[in-house]
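Subject: Structure for your review

Dear colleague,

Please find below the structure that I am handing over to you, followed by an account of what was found in it.

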Amino acid sequence: MDTALLVPAALVFGVLLGVGATTLFVVAHRRGQRAVEVVTPRVPDGVDALIDSLESVGIVLDASNNVLSASPRAIAANLIFNDHLVNPELVDLVDAVRRTGEPASEELHLTRSRLGEQSLFLLVRVSRLGSRYILLVGDDRTEAHRLEEVRRDFLANVSHELKTPIGAVGLLSEALESAADEPEEVRRFASRLTREADRLARITAEIIQLSRLQSGDALEKAEPVEIDNLVRQSIDHHRVQAEAKDIELVVGKRRRVSVIGDPTMLATALNNLVANAIQYSPEHSRVGLGVSVDEGVVEIAVTDQGVGIPAADRDRVFERFYRVDAARARNTGGTGLGLSIVKHVAQNHGGDVRLWSQPGSGSTFTIRLPEASDASAVTTGATG
Ligand code: ADP
């Protein structure tokens, strides 16, 4: 499990044996700066150099638990303050090794700073270094834990989101059967059944879309895509939905720019933004679509005068299944996947998506994409 830790540990031991423990210098690193002081007999120079070059966490302690040497990663992780280990869990592990003389490995969940705001998962191995010193090496497992958490959440969310409409379909079919003699009831149940079935179809389609985007092959069908066309198509696509709420769709000036990408993916992303803008806006308001180009970056902005998004939710709305008001979104048929798809489409095209919002006034979502150069438009035969 911890071979990642054994390698630096073995290297440091090797240097120690080769050089001998006679050096008189301590090297203390403070936020990238090295301070050299003469204190007591020290670990050999070679060990310092090795610790210094470690990409992972590496710390050498003396018999009184003073830090003699620390890798840049150990400093960056705020594990050391005033030449001592900050986290009591690390001190306990070091003490145990000193007591037993045996090396010890453990995965620790540490707070990342003395303010205790961020956590750090560290796979730590502590061993004696010669007779006086202790070597602590650690592999940062925080990202692996985060990914595992995202995966677990996703699975839990998918099953939760599917369970509701599947359960409803079951119940409605039973109700339909027992209401067979009452045409009015049959119609009512049948229309709800259709709604739940549509919802199921939409969730599954969006989950498939998302996993395709995440598998990274979204740009296999890349071609020049004219942004003015994309915008016009999206407007046509949403005319009926907008008219139903008497929302005016306003389009900015034509820009005659292209990006290289998958036209279907890009249309899906823009459609998701326009659908949301209409969905989360009051009747008789306006939704605007504007395109601008600045230093090779094409920006497609969708602006509404809707409910807006509170600051606390602004980063989270791009997460899968996140909805600001889950109960309301369920009624409106929202899946919470639309913006996550927008984000992934933008990223897969080398761009990003930005959000400005003011609760009560409205929101602007801006997809930013690299502009296609003239050369790429020519080689792939684009017009305009
Ligand atoms: P949904 O299918 O629920 O619309 P999205 O991923 O598209 O899922 O959006 C996530 C959430 O972000 C929505 O549930 C809604 O609360 C919020 N949201 C998205 N677009 C807008 C908007 N234009 N105005 C206000 N809130 C929005």
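Is Ala-311 buried or exposed? Ala-311 is exposed, its relative accessible area being 55%; exposed stands for over 50% relative accessible area, buried for under 20%, and partly exposed for what lies in between, with a 1.4 Å probe and protein chains only. Ala-311 sits in the loop between strand 14 (297-304) and helix 9 (326-332). Helices (H or I, at least four residues) and strands (E, at least two) are DSSP runs, numbered from the N terminus. Although 47 residues separate Ala-311 from Gln-358 in sequence, their C-alpha atoms are 8.2 Å apart in space.

Two notes on the basis of these values follow. The model is predicted, so that local features need pLDDT of at least 70 and side-chain atom pairs count only at pLDDT 80 or more, while totals for chains, interfaces and linings use all residues. Residues are numbered from 1 along each chain as its sequence is written, and side-chain values use heavy atoms, with hydrogens and water left out.

Overall picture and confidence

The protein chain contains eleven helices and 16 strands. Of its 384 residues, 41% are buried. Its accessible surface is about 20500 Å², and carbon and sulfur atoms hold 52% of that; accessible areas come from the Shrake-Rupley method with a 1.4 Å probe, and for residues only the protein chains shown count as cover. Among contacts (heavy atoms within 4.5 Å) with a separation of 6 or more, 59% join residues 24 or more positions apart.

The mean pLDDT, which is the predictor's confidence in each residue from 0 to 100, is 84 for the protein chain, and 82% of the residues reach 70 or more. Over residues 18-39 the pLDDT is below 50, and this stretch has 53 contacts in the model beyond near neighbours in sequence. Residues 377-384 also have pLDDT under 50, with seven contacts beyond four places in sequence. Where pLDDT is low, the predicted coordinates should not be read in detail.

The ligand and its shell

The ligand is surrounded by 20 residues, of which Asn-276, Tyr-280, Asp-304, Thr-335 and Leu-339 come nearest; a residue is near a molecule if one of its heavy atoms lies within 4 Å of it. Ten residues of this shell are nonpolar, seven are polar and three are charged. In this classification Ala, Val, Leu, Ile, Met, Phe, Trp, Tyr, Cys and Pro count as nonpolar, Asp, Glu, Lys and Arg as charged, and the others, Gly among them, as polar. Helix 8 (263-279), helix 10 (338-348) and strand 16 (362-370) each contribute at least two residues to the shell.

Polar backbone atoms approach oxygen of the ligand at Gly-336, at 3.0 Å, at Gly-338, at 3.2 Å, and at Leu-339, at 2.8 Å. The ligand taken alone exposes 530 Å², and the protein buries 97% of that.

Helix 10

Helix 10 is largely enclosed by the rest of the structure, because eight of its eleven residues are buried. Those buried residues include Gly-338, Leu-339 and His-344. The partners against which the buried residues of helix 10 pack are helix 6 (183-215), helix 8, strand 15 (352-358) and strand 16. His-344, a residue of helix 10, has a relative accessible area of 12% and is buried. Beyond four places in sequence, His-344 touches Leu-210, Leu-213 and Gln-214. Gly-350, which follows helix 10, has a positive phi near 75°.

Further residues

Asn-65 is not a glycine, yet its phi is positive, near 65°. Asn-65 belongs to the loop between strand 3 (57-61) and strand 4 (67-70), and it is buried at 14% relative accessibility. Arg-256, likewise not a glycine, has a positive phi of about 50°. The loop between strand 11 (248-251) and strand 12 (258-261) holds Arg-256, which is exposed with a relative accessible area of 60%.

Val-94, in helix 4 (residues 88-100), is buried with a relative accessible area of 0%. Leaving aside neighbours within four places in sequence, the contacts of Val-94 are Leu-61, Asn-65, Leu-85, Val-126, Ile-134 and Leu-136. The C-alpha atoms of Val-94 and Arg-125 are separated by 9.4 Å, with their positions 31 residues apart along the chain.

Yours sincerely

Technical notes: Polar contact = N/O pair within 3.5 Å; in protein donor to acceptor, adjacent residues only side chain to side chain.
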